[in-house]
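Here is a colleague's note to read alongside the model. Please keep the viewer open as you go through the points.

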Amino acid sequence: MRWGVQLPEVERLVRWPEYVAMARAAEEGGFDSIWIGDHLLYRDDGREERGPWDAWSLLAGLAAATQTVRLGPLVSCTAFGPPWLLARRAAAVQEISGGRLVLGLGAGWNETEFRAFGVPYDRRAARFVEAFDTIRLLLAGERVTTDGNAGGLQDAVLLPAPATRPALMVGSTGERVLRAALPHLDGWNIWYDWFGNTPDGFTRENDRVTAILREIGREPSEVWRSATVQVVLDEGEPTRPISASTPPVTGSAERIAEQLQAFADARVDEAILVVTPINEETIRALTRVIAAIA
């Protein structure tokens, strides 16, 4: 099983030098991938507001600051801008990283940020399908003409083209999104809330993906499966909301290793750890976890 880690998003304010230190610690410690959340604004009922740095700016910087680890947004909402612009950003990060980008895409869910920045919240699945097709075709070197919500493109082409197309991954459990994307995907991701943060929950959703792949005529092994797993190291105070339905994996590094082994047994190809606390020290401590399971 491969291992990834999500770097801080809005848990606290993180400056650029710390992002670089955490990314290098993950790379040195044997993690296979590093992920950045792509959001605009969080606002809870008490009106507390939090927002992350621009994901694609961070990914470009981290692509230059690392050597071997894979990088990607977890995941990039196709509604947050023109799909051709997202394709251009992905092509540039693919070039800077030397082919290490995993382009994670999704339809979005946080209505607050949609409303705040004037992004239409309706028809999210339909809008995603149209944007996804534009992005994948441009990254494949094809010319694209559209007359819908994807921006009315006229013989658009992506230049310069990356030396290799970035891997395509979609984070979703929506039937319409999955059926539109799975014919073209390299990977699929599921967030821990969506499967209860348990191996059994992952198996249930993974079986759905496998069934769709078989129905559309693809070999299930052609699409790798990744899952985020919420981890609280040493039972620290969680920095993300914890519900009774999604209890985190907790304890010492050794205890966490025992629990994560069950995800490997459930055929998770890549576990992306969403960790509390998330800092360089925690990442280095978790290298003992991945070493114990490898």
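The points below cover the pocket, the aromatic residues, the backbone and a few individual residues.

1. **Status of the model.** A friendly reminder before the details: this is a predicted model, and the values that follow are computed from it.

2. **The largest pocket.** A good place to start is the largest pocket, which holds about 860 Å³ of space. Its lining is made up of 31 residues, and the ones closest to the centre are His39, Tyr42, Trp109, Trp191 and Trp194. Two elements give two or more residues to this lining, namely helix H5 (124-139) and helix H7 (192-195). The largest contribution is that of H7, with 3 residues.

3. **Chemistry of the lining.** If you plan to look at the pocket wall by residue class, the lining of the largest pocket divides into 13 nonpolar, 10 polar and 8 charged residues.

4. **Aromatic pairs.** The model has 8 aromatic pairs. One of them joins Phe195 and Phe202 in an edge-to-face arrangement, with 6.2 Å from centre to centre and 80° between the planes. The angle is over 60 degrees, which is why the pair counts as edge-to-face. Phe195 and Phe202 are both buried. They also belong to one aromatic cluster, together with Trp188 and Phe263.

5. **Glu205, beside that cluster.** Is Glu205 buried or exposed? With a relative accessible area of 11%, Glu205 is buried, because the cut-off for that class is under 20%. This residue sits in helix H8 (residues 199-215). Beyond its sequence neighbours up to four places away, Glu205 touches Thr173, Trp188, Ile190, Trp194 and Phe195. Two of these contacts, Trp188 and Phe195, are also members of the aromatic cluster, while Trp194 is among the residues closest to the centre of the largest pocket.

6. **Arginines over rings.** Two arginines are worth displaying together with their aromatic partners. Arg50 lies over the face of Tyr42, at 5.8 Å from the ring centre. Tyr42 is also among the residues closest to the centre of the largest pocket. Arg124 is placed over the face of Tyr121, and here the distance to the ring centre is 4.1 Å.

7. **Cis peptide bonds.** Please check two peptide bonds in your own viewer. Leu74 and Val75 are joined by a cis peptide bond with omega at about -20°, and Val75 lies in the loop between strand S5 (70-73) and strand S6 (76-77). Another cis bond links Leu159 to Pro160, with omega at about -5°. Pro160 belongs to the loop between H5 and strand S8 (167-171).

8. **Positive phi values.** Asn197 has a positive phi near 60° although it is a residue other than glycine. Its place is the loop between H7 and H8, and at 4% relative accessibility Asn197 is buried. Arg267, likewise not a glycine, has a positive phi of about 75°. Arg267 is in the loop between helix H9 (253-265) and strand S12 (270-276). Which class does the accessibility of Arg267 give? Arg267 is exposed, because its relative accessible area of 67% is over the 50% cut-off.

9. **Ala23.** Within helix H1 (residues 16-28), Ala23 has 0% relative accessibility and counts as buried. Leaving aside neighbours within four places in sequence, its contacts are Leu7, Ile34, Leu62 and Thr66. From Ala23 to Trp188 the C-alpha distance is 23 Å, and the two are 165 residues apart in sequence.

10. **The start of the chain.** Met1 lies in the segment before strand S1 (2-6) and is partly exposed, with a relative accessible area of 35%. Not counting residues up to four places away in sequence, Met1 touches Leu260, Phe263, Ala264, Val268, Asp269, Glu270 and Ala271. Phe263 in that list is a member of the aromatic cluster. The C-alpha atoms of Met1 and Trp194 are 21 Å apart, with their positions 193 residues apart along the chain.

11. **Thr250.** A last residue to inspect is Thr250, in strand S11 (residues 249-251). Thr250 is partly exposed, at 24% relative accessible area. Its C-alpha atom is separated by 5.8 Å from that of Val231, 19 residues apart along the chain.

Definitions and conventions: Residues are numbered from 1 along each chain as its sequence is written. This is a predicted model: local features need pLDDT of at least 70, side-chain atom pairs count only at pLDDT 80 or more; totals for chains, interfaces and linings use all residues. Side-chain values use heavy atoms; hydrogens and water are left out. Helices (H or I, at least four residues) and strands (E, at least two) are DSSP runs, numbered from the N terminus. Buried means under 20% relative accessible area, exposed over 50%, partly exposed in between (1.4 Å probe, protein chains only). Contact means heavy atoms within 4.5 Å. On a 1 Å grid over the protein atoms alone, a cavity is a set of points where a 1.4 Å probe fits but cannot get out, and a pocket is an open set with protein on both sides within 12 Å along at least five of seven lines; lining residues have an atom within 4 Å of a point. Grid points are joined across faces, edges and corners, and a volume is the space filled by probe spheres set on the points. Ala, Val, Leu, Ile, Met, Phe, Trp, Tyr, Cys and Pro count as nonpolar, Asp, Glu, Lys and Arg as charged, and the others, Gly among them, as polar. Rings of Phe, Tyr and Trp (its six-membered ring) pair if their centres lie within 6.5 Å; planes under 30 degrees apart count as stacked, over 60 as edge-to-face and the rest as tilted. A charge sits over a ring if NZ of Lys or CZ of Arg is within 6 Å of the ring centre and within 35 degrees of the ring normal.
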